[in-house]
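Me: I would like a close look at one part of this assembly, namely a single chain and the way it meets its neighbour. Please set it in the context of the other chains before going into detail.

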Amino acid sequence: MDKRFGMQLLDNDWAGPALISLAAILVISALQPSFLTPFNILVLLSAIAVNMVIALGQLVIVGVGQMNLALGSLGGLVGVCFVGAIEVLGVPTPLAVLMGLSIGVLAGMANGYVIARTGISAFIITLASLQIFKGINLGITKAQPFYGVPDVVKQFGNTAVIGPIPWLIAPMLIAALGLWYLFRRLRIGRYILSMGGNRQAAELSGIDTVGTVIWAHAISGLLAAAAGMMLVARLQIGQPTIGDDWLISSFAAPVIGGAALSGGHVSVAGTFFGVVIIAIITQALVLFSIDPFVVQIVLGSLILWAVGINRFREWRFAKMATAGA
Amino acid sequence: MSSVVTEPLTENTGTGEQERLPVLLRLLLSNEFGLLALIVVAAAIFATALPGFTSPFSLFTLSRQIGIDTMIGLAMMAVIVSGGLDLSVGAIGASSAMAFGYFAERLGLPLAAAIPFTLALGALLGGINGAVVVRSGVHSFIITLASMSIFFGVMIYLTKAQAFNGLPADVTAFGRMKVLGSVSALLVVTLAVCGGLTVLYRLTRLGREILAAGANPRAAELSGVPVGRTVIICHMLTGALAALAGLMLTARTGAAVPSMAGHLGQDWLLPAFLAPVLGGTLLTGGRVSVIGTLLGATFVTVITSGLLLMRVSEFWVQAFLGFMLLAAVLIDRARHTILKARGMV
Amino acid sequence: MGSLLEIRHVSKSFPGVKALDDVAMTLATSCVHALLGENGAGKSTLIKIITGLQHPDSGEVLLDGSPVRFNSPREAAARGIAVVHQERNLVPRFSVGENIMLDRLGAGSLSRIDFVAIHDEAAHWLRLLDLDIDPKTPVSRLSVAQMQLVEIGKALSLKSRALLLDEPTASLTPAESDALFGIIRKLRADGVAILFVSHKLEEVFQICDTVTVLRDGHNVCDSVPLAGLGRQDVVTMMIGRAERISSRAPRPKPATTPYLELRGFSSALGHREIDLAVRPGEIVGLYGLVGAGRSELAKSVLGLYRQTGGEIKIANTSVHIRSVADALHHHGIGYVSEDRKGEGLILMHSVLDNAGITVWRRLAGRLGLLRGRTVARAVGPVIERLEVKTPSLQQTIGNLSGGNQQKVSVAKWIAAGVKLLIVDEPSVGIDIKTKAYLHDLIHELATGGTAVILITSDMPEMIDVADRIVVMDGYRIKGEVENDRNYDRVSQAIMAHIHARKAA
Amino acid sequence: MRTSLIKGGLAAVAALMLVAPAVAGSDTKVALVPGGPHPYFGAWEQAGKDAMKDFGLAAGDYRVPQKWELAQQSQLLESLLTQGYNSFLIFPGDAVGTNAVVQEIVDNKGMAIATAGCLKDPTPALFCMGTDTGNSAYLGTKQLIKAMGGKGRIAHFTGFLVDPNTQLRIDAVKKAADETNGAVTVVQVIADIDAPQPAEEKINAYLAAHANDVDGIVTTAWVPAVTAANSLRKIGDKRIKMVGIDHDEVVLKAIKDGFVNGTMLQNPYGQGYIGSYVLNKLRSGCKLKEDAPWKSNALTKKFVDSGTVFVDAGQVDTYVDAMRGITKTILANFEKDYMTCS
């Protein structure tokens with residue numbers, strides 16, 4: 001019975017990334033004691049919080065078997081609209097947050113609607129809307145940042161709730177637990193996964209596929225908007241370039257966390273550890289004062305290493321499973 | 001899909017007479033035709049509304065841009081066919097171009113040697129990607145994400161980001177060369193490669209095996225196609241084409257510049273995916289359109305050029321480009337639906 | 001027994017083809033209705049019209065006497081018409097219960113799913129099907145037969161008044177089929193109208209009450225009682241002539257040297273001590289229950305899975321086969337997969353590309369150049385000889401009927417001129433005419449000196465085609481039965497070999 | 001807020017009206033083209049407009065590539081050439097790579113000045129007017145060393161490694177440190193942080209682990225300067241000295257509040273304004289002198305410094321005037337020093 005429990009634990013998608021995270025934390029803290037200082041943990045958690053929300057925004061779309069290339073440009077657009085509304089229009093902060101989230105949801109719904117109605121690949125549609133969102137962003141800002149971030153927002157992005165836990169963890173927790181619950185327990189979550197798992201089956205079972213795709217993109221837009229505003233809080237500035245570099249990391253974390261790019265299979269916990277691994281690697285490169293000219297080489301090698309470990313675990317598990325059968 | 005849609009008219013393998021209409025229909029329905037129509041319409045509008053659009057210089061820069069963007073698109077297409085992708089195209093392109101700079105400038109190799117070496121290096125880097133993908137069974141997205149960092153990192157480490165700007169004069173001259181009036185020689189290279197790839201995919205054993213392996217690897221494997229090797233070859237082809245695109249950019253720039261594809265070579269990703277996907281290449285693999293990729297790149301270049309000439313406030317250009325792109329795919333879809341409805345009466 | 005669903009004067013054309021021409025059919029409550037016809041006769045189109053996937057050009061569909069026009073299977077389901085399709089329509093990672101209840105997981109998008117209730121409800125339907133599966137099991141862990149039953153359970157759970165079963169027994173063993181028939185009878189007793197589409201006439205006579213036969217889009221008969229009709233009557237209606245009784249010419253004795261010989265062969269998949277020999281001109285049957293390791297053995301020989309022990313001899317020479325390419329190009333071994341759509345064919349490619357894939361290497365000239373015409377010249381005659389019905393060689397194979405697809409997946413190996421052909425479940429989803437044709441073809445190939453291994457779970461097929469039958473169970477060879485075409489004796493001998501293990 | 005700079009520019013214009021004779025009816029169409037969307041170039045828009053008015057240019061348009069990509073900039077420049085622009089102020093997207101498109105401009109009877117950043121010789125550009133990036137980094141580091149009391153450990157935060165200027169900056173910072181004979185060492189260089197998010201992550205991570213191991217920070221790119229200033233404010237550390245770059249509000253405010261010691265300011269408005277003036281002069285018959293007092297830097301031998309000043313808390317409110325003064329001086333003497341006009 002114990003052995004079976006262990007096997008089941010290993011069978012989880014997040015087991016590999018979790019083990020890798022743990023190993024990385026142990027190794028780095030042994031070599032560099034300052035790694036586990038409260039302030040460093042705070043910094044690490046802040047980075048993880050934002051990147052996790054970004055990754056979740058992509059995870060939903062990966063779940064339905066599509067891709068959202070416009071995630072970053074939507075996040076950036078919401079970020080500047082948020083600060084712009086406060087600075088230029090004098091909108092009260094809570095209202096501005098609400099407005100930012102609504103922009104995200106509406107833009108996501110628009111994406112989802114066009115994709116579901118026309119049947120054109122999400123890749124192309126979100127590629128087009130990437131350009132549109134980014135264009136609007138630049139049209140509004142003319143590439144100049146907005147500086148009028150209210151103090152309460154700055155506080156939110158840069159202070160701790162308790163000990164080394166930053167406030168930013170709160171929206172991340174809400175998003176992660178919410179999505180976890182959604183995928184496990186809510187009808188829409190199961191519909192998203194069923195469409196990703198076997199689109200034809202979902203259709204023939206009478207699932208409203210159009211509605212499901214719109215829902216998925218709306219959630220993705222909501223998370224992109226949240227991440228954009230979280231980043232504004234953290235950077236204390238409404239940078240028009242927010243979101244430009246989300247694309248690859250938004251895919252990397254879910255995939256390291258065991259999600260299938262073909263859809264139907266996602267893991268919120270796995271994605272979390274995927275984000276943690278990337279954050280730790282990024283930090284380690286700084287902590288160990290790696291020559292900037294080799295940073296990229298080391299980064300790439302570490303990603304391969306993490307993937308290799310995970311692959312080895314899967315392989316071992318498959319072997320154990322066959323042996324047990 | 002065991003439908004009776006195509007239950008035959010004749011017992012044996014059809015005759016020409018009955019096929020003619022569907023062939024025409026198929027042509028009209030094809031993605032390539034839709035793109036071509038859009039390009040012709042857009043170009044006609046720009047040519048009448050914007051006098052500068054058809055100036056020799058504009059045509060020259062247009063053809064050159066099309067040549068380069070198509071080559072980048074073809075590089076990605078070559079691996080999409082296998083059902084994978086390669087995020088490291090830009091990194092391979094920039095690394096190969098820098099290696100070319102080293103060969104031609106530092107080592108003083110003649111171009112006849114430097115160019116093949118460069119292409120071989122590209123193929124080698126692509127081959128490494130392919131081999132790791134096949135061996136590990138990990139999705140090419142993750143593998144090439146890592147190799148993008150590694151290839152680019154090694155290049156930056158070795159070159160310290162210093163450009164090679166003492167290349168043989170022939171290189172720069174080629175980048176400026178015009179044929180048939182105002183067509184860039186770079187486009188001619190691209191057209192030649194398009195021809196070669198068309199032959200590859202249509203008329204060679206390897207090409208067919210690549211398509212089979214991309215469409216259904218399991219079935220291809222069981223039919224005697226060495227799928228693993230085929231996938232590696234696809235990645236090698238991608239690498240070589242990326243290197244060629246890097247060389248073309250080098251000719252255009254007159255120097256081998258590490259920033260030609262941006263940080264980590266990411267600037268190439270958009271044109272790399274846009275052209276083949278617009279052109280009808282399936283992201284899931286197994287279907288390819290070389291001409292479509294050419295037309296896809298042409299469409300984007302023509303639209304961008306038109307928007308810039310129209311003096312749309314530049315901060316808004318990107319938004320307009322996005323709307324045009326969206327409009328294009330929607331129009332194409334509408335055309336498809338209408339024709340299909342007509343055809344199915 | 002009242003009429004529930006009525007089809008009247010329905011016609012449907014596709015470009016160049018009249019798929020249905022003035023077709024009629026009546027489904028009655030408490031009645032199992034057989035819909036028969038060769039592949040391409042129009043059965044699938046008729047089902048699609050009933051469920052709203054396609055609309056008729058003319059004619060009407062009446063439900064309870066009033067005309068209806070469904071726009072989607074969903075609407076049809078809402079009116080009590082459920083279909084079990086041939087394709088697997090389950091979400092692999094979801095539980096059995098969730099799949100059954102997929103469209104009833106909750107009232108609103110954000111409603112919380114009550115998994116306990118879902119699984120309870122699903123368990124009810126599973127019990128009805130005598131299926132001993134925990135509804136919490138993920139579908140991906142089920143066998144093909146179990147998946148088929150789950151799909152039936154899903155259709156039942158809609159409390160349908162009309163249940164359309166499109167070849168439900170294609171992947172079931174006889175025992176599983178019998179269980180299914182029991183359920184169908186129970187449903188009939190409850191007043192459900194059942195449409196049963198099958199190529200297995202034995203089953204039709206076993207379970208059905210009335211029959212509609214289609215041929216080339218026309219009604220040959222419309223909802224006539226099956227009682228009083230004989231097998232030959234039905235066959236004549238379906239194929240337009242009497243069934244040819246297989247009277248195959250005796251074949252010359254096979255050569256003495258085996259073409260393929262396995263000695264103490266074991267594989268990474270778990271095959272142990274496999275001894276097997278196939279001589280040129282001989283048809284060796286591999287019989288076993290699902291999971292006996294027969295297809296896996298074939299694939300291990302092909303080099304797809306690692307050989308861990310023993311030896312493989314080809315024409316008396318010990319060889320090591322590293323890949324399928326190796327097996328084909330160096331050793332002349334071909335494999336017709338049981339999973340036509342997943343492993344046998346590349347559905348999005350043309351007939352020509354599918355049939356030619358095995359000969360590209362041979363035909364390619366210098367520089368690997370290969371012209372379509374060259375390939376067409378090589379495979380065209382084979383395609384013609386096998387009477388594959390296709391408008392042209394350029395036709396996408398996914399658009400052909402199952403039988404024609406299967407012919408192409410055999411044709412490619414004939415074109416390649418293989419010396420050993422392994423045929424895995426050749427007649428799944430194939431109509432009678434094509435099935436008989438394939439059997440003749442296998443004999444013809446053997447007569448021509450090809451060594452054949454036939455893997456099938458269809459006992460009549462096995463006894464009809466094979467020369468001798470090797471019985472497998474649990475990844476081992478259990479014994480061998482000489483086939484004298486005496487059904488009772490041979491089938492009992494085979495079952496004895498299989499049960500020997502269970503007793504031991 | 002951001003208008004302060006423009007206001008300063010306007011003031012400068014008013015002063016300059018006296019020295020710069022307005023030439024009406026010029027056919028000079030100037031395009032001011034940065035490398036991509038970036039706040040540094042915001043002042044160019046006003047500079048172009050002012051120059052157009054003051055010197056009677058046919059156009060003085062600020063045209064921005066949609067993205068910070070070499071290919072996008074080249075495409076825009078080609079399009080502008082097609083549209084009839086004949087005079088260009090270009091921030092080179094790449095110090096070497098942009099030469100090709102400048103050559104095209106020259107081939108089509110246009111002219112260009114490398115502005116704000118230089119093109120590497122041999123170049124078809126007329127000359128380079130801007131900040132000597134290496135020298136600016138060197139001077140900034142010297143100021144930092146002074147603030148650190150002549151000894152200690154420096155961390156250097158900079159931009160993309162693909163930009164050859166980055167290497168120049170890294171070398172310059174090291175050179176300034178080396179001149180102290182070991183009293184000052186560069187302990188860390190963090191590069192590739194031109195985007196706000198990675199900059200924030202890496203700089204914070206560095207300070208979290210190494211705040212006690214470092215005495216001074218020098219930043220040589222816009223985004224790292226902003227981020228580092230914010231981080232120092234966040235940890236409330238005034239022990240660590242910092243010298244930034246450019247005029248972002250965050251940096252200026254941090255200087256006032258004492259978290260940052262100073263910043264190396266450049267003169268974007270002056271670059272755009274003077275550049276337009278020179279281009280117009282050259283089109284109306286003036287020639288550049290070969291023997292003019294060109295300065296030389298790592299990239300080119302024809303360099304005109306548009307002014308780099310170190311601004312600390314004392315000057316942060318008046319730097320606009322300082323810049324105005326520099327612009328005025330350069331403009332007043334440019335024709336005499338660099339051109340022969342018939």
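Which chains, among the five pairs of chains that touch, have the most contacts between them? After that, please turn to chain D and its side that touches chain A.

Reply: This is a predicted model, in which local features need pLDDT of at least 70 and side-chain atom pairs count only at pLDDT 80 or more, while totals for chains, interfaces and linings use all residues. Residues are numbered from 1 along each chain as its sequence is written, and chains are lettered from A and ligands numbered from 1 in the order in which they are written.

Among the five pairs of chains that touch, chains B and C have the most contacts, two residues being in contact if their C-beta atoms, placed from the backbone, lie within 7 Å. Chain D, by comparison, does not touch chain C, and the nearest C-alpha atoms of these two chains are 34 Å apart.

Chain D does meet chain A, in a contact that takes 30 residues from chain D and 33 residues from chain A. On the side of chain D, strand 7 (184–190), helix 7 (196–210), helix 8 (222–235) and helix 9 (249–256) each supply at least two residues, where helices (H or I, at least four residues) and strands (E, at least two) are DSSP runs numbered from the N terminus. Helix 7 of chain D gives the most, with 11 residues. By class, this side of chain D divides into 17 nonpolar, six polar and seven charged residues; Ala, Val, Leu, Ile, Met, Phe, Trp, Tyr, Cys and Pro count as nonpolar, Asp, Glu, Lys and Arg as charged, and the others, Gly among them, as polar.

Chain D also holds an open sheet of six strands in the order 2-1-3-4-5-12, with parallel pairing, and two strands are taken to pair if DSSP finds at least two bridges between them. Strand 2 (59–62) and strand 12 (303–305) of chain D stand at the edges with a single partner strand each, so one side of each has no neighbour in the sheet. From one strand to the next the twist averages 20°, with axes as lines fitted to C-alpha atoms, for helices over the stretch in contact, and angles running from 0 to 180 degrees between N-to-C directions. Within this sheet order, strand 4 (residues 111–116) and strand 5 (residues 128–130) of chain D pair in the parallel sense over three bridges, and T115(D) stands opposite M129(D) in strand 5 of chain D.
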